[in-house]
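Subject: A structure for you to look at

Hi there,

I am passing on the structure we talked about, so that you can open it beside this message. Please have a look around first, and then read on.

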Amino acid sequence: MTRPLALAAFTASTALGVGCAPLLAALRAGRSGLKPCDFEGSDLATWIGEVPGIDAVRLPAPLAAYDCRNNRLALLGLQADGFEDVARAAIARHGAERVALVLGTSTSGILSAEAAYRERDASGALPAWFDYRATHNTHSVTAFVRDWLGLRGPAFTLSTACSSSAKAFAAAERLIGAGLADAAIVGGVDSLCLTTLYGFSSLELTSPEPCRPGDAARDGLSIGEAAAFALLERGERGKGELLLSGWGESSDAHHMSAPHPEGRGSRAAMQGALQRAGLRAEDIDYINLHGTATPANDSAEGAAVAALFGTGVPCSSTKGMTGHTLGAAGAVEAVVCALALRHGLLPASVGTRTPDAAIPLPLVLQPRAAPLRHVLSNSFGFGGSNASLVFSLEGRP
């Protein structure tokens, strides 16, 4: 069993708005933040989840080298819900060397590289302003947040596609458990770019309408962007405390971009999360599905969940609200689970009209109140890189 960590603070900025308030309002209303794609003049017939206000963000002069859409989104997210203040208080309490930083991303600041390639000169040289290390580099966002907060402890980036920021929670628990840190700031930041939009389109994985997770007529995903952060600390298990109570990871390596059809890797991750939490399948009150709305993903995940949990645990995918935020998805959905626990809410699978009869799961089609105690969140990435997290609300019977 894993010793639970307190989820001391959290925040998420998505297409629904900046911070947790618009996210919670949308969860209660079953409302989507998706819109037709008009990003960077794209002519793609699809829908996206774009965070408002990113272009107005300005990085301070000492950190100007980090300026790119992804790091502006990171700063926007850090300053929401008072998270930065709470993080700085934890740093003051534990010491800058004793607070770890683990973030997940997939494409990082690749939008800057796209702009730089469009400005190559006649010899093919990139413009002088382009700084790969501080923008495009996958570690850029972690380096930026580390420098912004003045951290000097363990800091690294995980980039395992769509499971990246869920794995950040597991990595942070290991760091704290090993005595290398007393607290950890975890999360994920991934921003829109043309590489992602056209890349998923070339794989025929994007839908021409808002995505429909678990629907009989689902035909692809909607790409989104987001920044989500959480502060994990050792804490006493007091009544009403939110906890990271378990995690599980697996790597099935079945295929470069398709899940194992029986969901073997995802089932192993879920089993690991339950074991570390010291829980049985019947203890879980809600499952936040990875639920990308692609035919293969939803079928494989449905098979894995049904094999382990049966057909009685309420499930939903919230990607119809935010879009698939890729490397940030695990952290966004961790925040969704925290809000669901704190407010006693079952989120709906927004966009789903007719549940696929071949997926034997009880999808929640309308948000409703429920006294949740333990919830599980799934994040499964390309190449079979899987992670599942269990969150709990202490003191609820």
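Below is what I found, taken one element at a time.

Please keep in mind that this is a predicted model.

Let's start with helix H3, which covers residues 83–94. At 1.5 Å a residue, its twelve residues should span 16 Å, and the end C-alpha atoms are indeed 16 Å apart, so the two values agree. Which residues of H3 are buried? They are Phe83, Glu84, Ala87, Ala90 and Ile91. If you look down the axis of H3, these buried residues fall within an arc of 120 degrees, so they line one face of the helix. On the face turned away from that buried side you will find the exposed residues Asp85 and Ala92. The buried residues of H3 have several packing partners, among them strand S1 (5–13), helix H2 (69–78) and strand S4 (99–104). Just after H3 comes Gly95, with a positive phi of about 105 degrees.

One of those partners, helix H2, holds a residue to click on: Arg69. Is Arg69 buried or exposed? Its relative accessible area is 7%, and buried means under 20%, so Arg69 counts as buried. Leaving aside residues up to four places away in sequence, Arg69 touches Phe39, Glu50, Val51, Ile54, Asp55, Leu111, Ser191, Leu192 and Glu225.

Next, find helix H9, residues 295–309. This helix has 15 residues and reaches 21 Å from its first C-alpha to its last, close to the 21 Å expected at 1.5 Å a residue. The buried residues of H9 include Asn297, Asp298, Glu301, Val305, Leu308 and Phe309. What do the buried residues of H9 pack against? They pack against helix H8 (264–277), strand S10 (286–288), strand S11 (315–316) and strand S14 (374–381). Gly310, just after H9, takes a positive phi of about 75 degrees.

Last, there is a sheet to trace. It is an open sheet of three strands in the order S2-S3-S7, and the pairing is mixed. Strand S2 (35–36) and strand S7 (223–224) stand at the edges with a single partner strand each, so one side of each has no neighbour in the sheet. S2 and strand S3 (residues 47–49) run antiparallel and are joined by two bridges. Within this pair, Pro36 stands opposite Trp47 in S3.

Enjoy exploring, and do write back with questions!

Best wishes

Terms used: Residues numbered from 1 in each chain as written. Predicted model: local features only at pLDDT ≥ 70, side-chain atom pairs only at ≥ 80, totals over all residues. Heavy atoms only, no water. Helix = DSSP H or I, 4+ residues; strand = E, 2+ residues; numbered from the N terminus. Expected span 1.5 Å × (residues − 1). Buried < 20%, exposed > 50% of the residue type's maximum accessible area, 1.4 Å probe, protein only. Arc of directions from axis to C-beta. Contact = heavy atoms within 4.5 Å. Pairing = 2+ DSSP bridges.
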